[in-house]
Every structure is written in C-alpha cells, then in structure tokens.
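Open the chain in your viewer and keep the selection box handy. We'll go from one strand out to the whole fold.

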Amino acid sequence: MESYSFARRDAHGVLRPTLGLYLLVGRDVTDRYPHLKTIVLRNGKHQTVFAGNLLKQFADLSAHLRSPEINEVIRIKRPEGAVEKSAYSERAIMELLVNLLAHRDYGSKDFSRIEHDAGQRMSFIAPGGLPAGVYRKLSPKADGRFEPQLNVREIRNPVISDVFFAQGHMDEA
C-alpha cells in the first residue's frame, strides 16, 4: 500500500489511507465532500447528479454518457448509402471523462460538470483550470487560446491517475 502511495504512516507509525485512495474507493465520499459530485446538465435544464467515490462515478458516468439518451445515434448520408453512428466517439467520451476525474483540483469547492446540448456539443468542465507549471509554459491569451506544445504536462493527482492508467482507461503521463 505504501509503495503505491495508497497509504502513509502517521507520526505513531500507524498506516493510514491517503486522500487519493479514499477518493477512489472510499465510502460516503460525496456525503463528506458534497462538492466532489459530478453534474451532467442536459439542454440547459435537466440535471443529473452523480455521487460516490471516483470509481463509482466513473462507472455510472461512463454508462450514462454512452447511453442513447446522451450519445444519440445519428444517420449520416454518404454517396454509397446512409449509415448510422453514435453522435460522439466513445473513445473521445472516455478520454474526456477520465481527464475530468483524474486531473481536477480536489481542493476546489466547485462541482465537476458535463454540459450536453443535444445535437450541438458536449463540454467537460473540471475545477481548477490548468496546473501552474502548465499555465506558465502555455501562456494562454485572455480568451483562453494558446499555442499547443508537445510534452507539456503536470500530474495533479498521481495516485488517481495511476489507478486509471492501471485499469487501461488512460495513457501513462
């Protein structure tokens, strides 16, 4: 447990779980920390709240976002005939969801949000913005635009990221 940073010894030598482990698998996480819930807002009016530890939220959100209610099947006309496809790439949804949960600032009192406007867009909003080191390197303009750069990264939550990586849900940072 200690070698994976899931637990640390306190001043008395007692092994205690880290906050990262508690957020991932703990009981009553969002009862103790209500701001750690994730909200899905559909068409600006229908709100669904996802509670629980991060692994539960990930499973529940994954199923919800891939459902036909959110990821509608659309008909695309092509010269060789029409085909039906999901509106959003499942891989893109999973990547954005993992990033939302793994890289948010858990010290922030803001909720993570996913805003879905049917037929228009799906936005993933994580509290905390860019980590300080990434912000300095990218130097975003006032409107948020920046020039992309390779290998600019900072891991905000390494224990959480490691678990999502080990489960195959994210690439190694």
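Along β8, which side chains point to one face and are buried, and which point to the other and are not? Before you click, note that this is a predicted model, where local features need pLDDT of at least 70 and side-chain atom pairs count only at pLDDT 80 or more, while totals for chains, interfaces and linings use all residues. Residues are numbered from 1 along each chain as its sequence is written, and side-chain values use heavy atoms, leaving out hydrogens and water.

Now select β8, residues 121-125, and show its side chains. Met122 and Phe124 point to one face and are buried (under 20% relative accessible area with a 1.4 Å probe, counting protein chains only). Arg121, Ser123 and Ile125 point to the other face and are not buried. That fits a general pattern: in a regular strand the side chains alternate between the two faces of the sheet.

Add β7, residues 112-117. β7 and β8 pair in the antiparallel sense over five bridges; strands count as paired if DSSP finds at least two bridges between them. Look for His116, which stands opposite Met122 in β8. Then zoom in on the turn: the hairpin leaves three residues between β7 and β8, and Gly119 there has a positive phi of about 75°.

Next, bring in the rest of the sheet. Four strands form an open, mixed sheet in the order β4-β3-β7-β8. β4 (46-50) and β8 are the edges, each with a single partner strand, so each has one side without a neighbour in the sheet. From one strand to the next, the twist averages 15° (axes are lines fitted to C-alpha atoms, with angles from 0 to 180 degrees between N-to-C directions).

Time for the helices. Select 54-66 for α3, which packs on the sheet and touches β3 (38-42), β4, β7 and β8; contact means heavy atoms within 4.5 Å. The direction of α3 makes about 150° with that of β4. Then pick 90-103: this is α4, lying across β3, β7 and β8 and running at about 25° to β8.

Finally, zoom out. The chain has six helices and eight strands, taken as DSSP runs (H or I, at least four residues, for helices; E, at least two, for strands). Its C-alpha atoms fill a box of roughly 70 × 35 × 30 Å along the principal axes. Colour by burial, and 34% of the 173 residues count as buried.

Notes. Buried < 20%, exposed > 50% of the residue type's maximum accessible area, 1.4 Å probe, protein only.
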